[in-house]
Amino acid sequence: DEIIVVDTGSTDATTAIAASFGARVYRHPWEDHFSRHRNQSLYYAGGEWLLIIDADEELQAEGTDALRTLLPANGDIDAVSLVVECPYGEMGATACHNSIRLFRNHRGIFYKGRVHNYLAGVRGVLCTPTRILHHGYVLDRETQLRRFHRTSTLLKKDIEEEPANPRPHHFLSASYLSENMNEDAAREAEEAIRLYGEGHSETPNRLWSLYIAASAYLEM
């Protein structure tokens, strides 16, 4: 029904291509804060349901009819989780995770976190097998390093603001592990595990942090 694009500084034909498909394009200077710009896109959107998708992602067509059938039949649900598939490496490996990408507008749902942002205010979630293909991890080495430095810098800023929040420690440990910085990965993973424990949190990220710590110690 509508396409909203918040452009944070592209220098190619992105905005012209988006506009050619009828998108309303809004330009905002990049502020080192993914959630801030995602929330700007929510502000501009007027639809009842919002589908969030990035420039390096592709909604798989075979699942869209199921979504259209599903939504009107579940009046108590305010968010839908889709399967995000992330190809990576040179051996054709794929990592999968669930991600809330479809949710009702004007229900106080918003994004938090500078990077690896997440939705706050979600109540009922419905999981579906509809897939999004994320191409963003098939990168050359130079781009990988740029992404690592950007992500780790933003996570450190989140830690400065919320040192007792385990989430940025967890994702920082994952970034370190991806670069074989095993001592740093183990340290941040253990801090995440400790903070998740203090908060009695059973999030899957707690198990992921345990895996990262174990992997880092195994490599050392």
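Select Arg38 to begin: at 17% relative accessibility, Arg38 counts as buried, because the limit for that class is under 20%. The model on display is a predicted one, and the tour moves outward from this residue.

**Arg38 and its partner**

Add Asp54 to the selection. Its side chain and that of Arg38 meet in a salt bridge, with 3.0 Å from N to O. Asp54 belongs to the loop between β3 and β4 (57-59), whereas Arg38 belongs to helix α2, so the pair ties together parts that are 16 residues apart in sequence. Asp54 is partly exposed, with a relative accessible area of 27%. Side chains of opposite charge can pair when their charged atoms come close.

**Helix α2**

Extend the selection to helix α2, residues 34-44. Arg38 is one of its buried residues, and the others are Ser35, His37, Gln40, Ser41 and Leu42. Which strands should be displayed beside them? The buried residues of α2 pack against β1 (4-7), β3 (49-51), β6 and β7 (110-112).

**The whole chain**

Zoom out to the full protein. Its secondary structure comes to seven helices and nine strands. The C-alpha trace spans about 50 × 40 × 40 Å along the principal axes. The radius of gyration is 18 Å, which agrees with the value near 17 Å that a compact globule of 220 residues would have. Buried residues account for 39% of the 220. Of the contacts between residues at least 6 apart in sequence, 58% join residues at least 24 apart. If a surface is displayed, about 13,000 Å² is exposed, and carbon and sulfur atoms supply 54% of that area.

**Strand β5 and strand β6**

Select Val80, in strand β5 (residues 79-88). Is Val80 buried or exposed? At 1% relative accessibility, it counts as buried. Apart from residues up to four places away in sequence, Val80 touches Trp49, Leu67, Leu71, Ser99, Ile100, Arg101, Leu102, Leu126 and Thr128. For a distance check, pick the C-alpha atoms of Val80 and Phe34: the two residues are 46 apart in sequence and 21 Å apart in space.

Next, select Thr94, in strand β6 (residues 93-104). Thr94 is partly exposed, with a relative accessible area of 42%. Leaving aside neighbours within four places in sequence, Thr94 is in contact with Glu85, Cys86, Pro87 and Tyr88. The C-alpha atoms of Thr94 and Val84, 10 residues apart along the chain, are separated by 9.9 Å.

Glu85 also leads to another selection: Glu62, Glu85 and Arg131 are linked in a network of salt bridges. A search of the whole structure finds 19 salt bridges.

**The largest nonpolar core**

Turn to the largest nonpolar core, which has 17 residues. Select those with the most contacts inside it: Leu155, Leu172, Tyr176, Leu177, Ala185, Ile212 and Ala216. Helices α4 (141-161), α5 (166-178), α6 (182-198) and α7 (204-219) each supply at least two residues of this core. The most come from α5, which gives five. In soluble globular proteins, nonpolar side chains tend to be buried together.

Keep Tyr176 selected and display its surroundings. Not counting neighbours within four places in sequence, Tyr176 is in contact with Phe148, Lys156, Met181, Asp184, Ala185, Arg187 and Glu188. Then select Ser173, which lies in helix α5. Ser173 is buried, with a relative accessible area of 0%. Beyond residues up to four places away in sequence, Ser173 touches Ala185, Glu188, Ala189 and Ile212.

**Charged pairs on helix α6**

Two of the contacts of Tyr176, Asp184 and Arg187, form the next selection. Their side chains meet in a salt bridge of 2.8 Å, N to O. Asp184 and Arg187 are three residues apart in helix α6, and therefore separated by about one helical turn. Both are partly exposed, Asp184 with a relative accessible area of 24% and Arg187 with 43%.

Continue to Arg194 and Glu191, whose side chains meet in a salt bridge of 2.6 Å, N to O. This pair is likewise three residues apart in helix α6, about one helical turn. Arg194 counts as partly exposed at 40% relative accessibility, and Glu191 is partly exposed at 23%.

**A surface patch**

Finish with Ile3, Ile17 and Phe21, a nonpolar patch on the surface with about 330 Å² of accessible area together. Ile17 lies in helix α1 (residues 14-20) and, at 48% relative accessibility, counts as partly exposed.

Methods: Residues numbered from 1 in each chain as written. Predicted model: local features only at pLDDT ≥ 70, side-chain atom pairs only at ≥ 80, totals over all residues. Heavy atoms only, no water. Helix = DSSP H or I, 4+ residues; strand = E, 2+ residues; numbered from the N terminus. Buried < 20%, exposed > 50% of the residue type's maximum accessible area, 1.4 Å probe, protein only. Contact = heavy atoms within 4.5 Å. Patch = residues over 30% accessible without salt bridge, like charges linked within 9 Å, V, L, I, M, F, W, Y side chains within 5 Å. Areas by Shrake-Rupley, 256 points an atom, 1.4 Å probe, with all protein chains shown as cover. Salt bridge = Lys/Arg side-chain N within 4 Å of Asp/Glu carboxyl O. Rg over C-alpha atoms; globule rule 2.2 N^0.38 Å. Core = buried A, V, L, I, M, F, W, Y, C linked by side-chain atoms within 4.5 Å.
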